[in-house]
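Dear colleague,

I am handing over the structure we spoke about, and below it I have written out what was found in it. Please keep the chain open beside the text while you read.

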Amino acid sequence: VQLQASGGGLVEAGGSLRLSCEASGSIFTPMNWYRQAPGKERELVASIRIDGSTNYADSVKGRFTISRDNAKNTLYLQMNSLKLDDTADYYCNFRDSRNFVYWGQGTLVTVSS
């Protein structure tokens, strides 16, 4: 399975972006969005299970919404009220039933003041 992320760009603080991650096949395990800011470690932003239940990092709760369309094999991240600290490369990810980990390529989100 390959993951193709898109939707990053330049946005002013307080603005919104929607990231997408299209998979080349069906995924039945939890899917995640990670991000990595310059000089920092990659961190988990949000997760969603096949049943739609979600978890979020404290730093994005109330601002970001993760969702998935299983029919379209696509993962989304709606990001609202963006802050300067949200600037990072964003990666989609999942681990399959054999414990193999898959990563999409990063999509860059830059939040300006």
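R98 is exposed, since its relative accessible area is 55% and the cut-off for exposed is over 50%. The partner of R98 in a salt bridge is D96, and their closest N and O atoms lie 3.1 Å apart. D96, in contrast to its partner, counts as buried, because its relative accessibility is 13% and buried means under 20%. Please bear in mind that this is a predicted model, and that each value here was computed from it.

A search of the whole structure finds five salt bridges, and the one between R98 and D96 is among them. Another joins K61 to D58, again with 3.1 Å between the closest N and O atoms, and here D58 is exposed, with a relative accessibility of 65%.

Which parts of the chain does the salt bridge between R35 and D86 link? The two side chains meet at 2.9 Å, N to O, and the pair links distant parts of the chain, since R35 sits in strand β4 and D86 in the loop between β8 and β9, 51 residues apart. Are these two residues buried or exposed? R35 has a relative accessible area of 5%, so it is buried, and D86 is buried as well, with a value of 2%. R35 and D86 also belong to a network of salt bridges, in which they are linked with E43 and R63.

Turning to the chain as a whole, you will find 11 strands and zero helices, so that every element from the N terminus on is a β strand. The radius of gyration is 13 Å, close to the 13 Å that the globule rule gives for 113 residues, and the chain is therefore as compact as a globular protein of that length. Taken along the principal axes, the box filled by the C-alpha atoms is roughly 40 × 25 × 20 Å. Of the contacts in the chain with a separation of 6 or more, 52% are between residues 24 or more positions apart. The accessible surface comes to about 6,200 Å², and carbon and sulfur atoms account for 47% of it.

Of the 113 residues in the chain, 42% are buried. In soluble globular proteins, nonpolar side chains tend to be buried together. In this model, the largest nonpolar core has 29 residues, and those with the most contacts inside it are L3, W33, L77, M79 and Y90. The elements that give two or more residues to this core include β1 (3-6), β4 (31-36), β7, β8 and β9 (88-95).

Two of these contributors, β7 and β8, are worth following in the picture. Strand β7 covers residues 64-69, and its two faces differ, for F64, I66 and R68 lie on the covered face, while T65, S67 and D69 lie on the uncovered one. Strand β8, residues 74-79, runs antiparallel to β7, and six bridges join the two; in one of these pairings, the bridge partner of T65 is Q78 in β8. Four residues lie between the strands of this hairpin, where N73 takes a positive phi near 55°.

With best wishes for your reading

Conventions
Residues are numbered from 1 along each chain as its sequence is written. This is a predicted model: local features need pLDDT of at least 70, side-chain atom pairs count only at pLDDT 80 or more; totals for chains, interfaces and linings use all residues. Side-chain values use heavy atoms; hydrogens and water are left out. Buried means under 20% relative accessible area, exposed over 50%, partly exposed in between (1.4 Å probe, protein chains only). Two strands pair if DSSP finds at least two bridges between them. A nonpolar core is a set of buried Ala, Val, Leu, Ile, Met, Phe, Trp, Tyr and Cys residues joined through side-chain atoms within 4.5 Å. A salt bridge is a side-chain nitrogen of Lys or Arg within 4 Å of a carboxyl oxygen of Asp or Glu. The radius of gyration is taken over C-alpha atoms; the globule rule is 2.2 Å times the number of residues to the power 0.38. Contact means heavy atoms within 4.5 Å. Accessible areas come from the Shrake-Rupley method with a 1.4 Å probe; for residues, only the protein chains shown count as cover.
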